[in-house]
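Colleague: Before I rely on the labels attached to this chain, I would like each of them set against its definition.

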Amino acid sequence: MATSKLPLTLLLSFLVFLVVEADRDDLKISSNSSDCGQACAARCALASRQKLCKRACGTCCARCSCVPPGTFGNQKLFCPCYYSMTTHGGRRKCP
């Protein structure tokens, strides 16, 4: 009985993989300032200091041409450039 569920499990795993990869492709943004502005507005929506967040995010978006989805986490997976950018003091630059 367990072997009959194996093909279904593999199919579902493959479909999830395709959806994740499609979402990753959608994260790439042209360096157009309006695209970065919209992506950063969504990313900084819950920030307590929205002007600062949007300014830093805009700089990172312009350099990396991508902004991770959501408001936190998973930056390394979706946009390694955005994740690895640091300030002169060694702290993460991108919110």
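What follows is a conversation about the disulfides, the confidence, one backbone angle and the largest pocket.

Modeller: This is a predicted model, in which local features need pLDDT of at least 70 and side-chain atom pairs count only at pLDDT 80 or more, while totals for chains, interfaces and linings use all residues. Residues are numbered from 1 along each chain as its sequence is written, and side-chain values use heavy atoms, with hydrogens and water left out.

Colleague: What makes C40 and C57 a disulfide?

Modeller: A disulfide is a pair of cysteine sulfur atoms within 2.5 Å, and the sulfur atoms of C40 and C57 are 2.1 Å apart, so the pair meets the definition. The torsion about their S-S bond is -80°, and the link is left-handed. C40 belongs to helix α2 (residues 33-43) and C57 to helix α3 (residues 50-64), so the bond ties together parts 17 residues apart in sequence. Helices here are DSSP runs of H or I with at least four residues, strands are runs of E with at least two, and both are numbered from the N terminus.

Colleague: Why is C57 called buried?

Modeller: Buried means under 20% relative accessible area, exposed means over 50%, and partly exposed lies in between (1.4 Å probe, protein chains only). C57 has a relative accessible area of 0%, and its partner C40 has 2%, so both count as buried.

Colleague: How do you know that the disulfide of C60 and C94 is left-handed?

Modeller: The torsion about its S-S bond is about -95°, so the disulfide of C60 and C94 is left-handed. This pair links distant parts of the chain, with C60 in helix α3 and C94 in the segment after α5 (80-84), 34 residues apart. Their sulfur atoms lie 1.9 Å from each other.

Colleague: What makes C81 partly exposed, and is C64 buried or exposed?

Modeller: C81 has a relative accessible area of 34%, which falls between the two cut-offs, so C81 is partly exposed; C64, at 10%, counts as buried. The sulfur atoms of C64 and C81 are 2.1 Å apart in their disulfide. The structure holds six disulfides, and with the bonded cysteines numbered in sequence order the pairing is 1-7, 2-5, 3-4, 6-12, 8-11, 9-10.

Colleague: Which element has the lowest mean pLDDT, and which the highest?

Modeller: With pLDDT being the predictor's confidence in each residue, from 0 to 100, helix α1 (residues 2-26) has the lowest mean among the elements, 59, and α3 the highest, 92. The chain averages 76, and 63% of the residues score at least 70. Where pLDDT is low, the predicted coordinates should not be read in detail.

Colleague: What is unusual about the phi of S65?

Modeller: S65, in the loop between α3 and α4 (75-78), has a positive phi of about 60° although it is not a glycine. Most residues other than glycine have a negative phi.

Colleague: How is the lining of the largest pocket divided?

Modeller: Its residues comprise five nonpolar, three polar and five charged, where Ala, Val, Leu, Ile, Met, Phe, Trp, Tyr, Cys and Pro count as nonpolar, Asp, Glu, Lys and Arg as charged, and the others, Gly among them, as polar.
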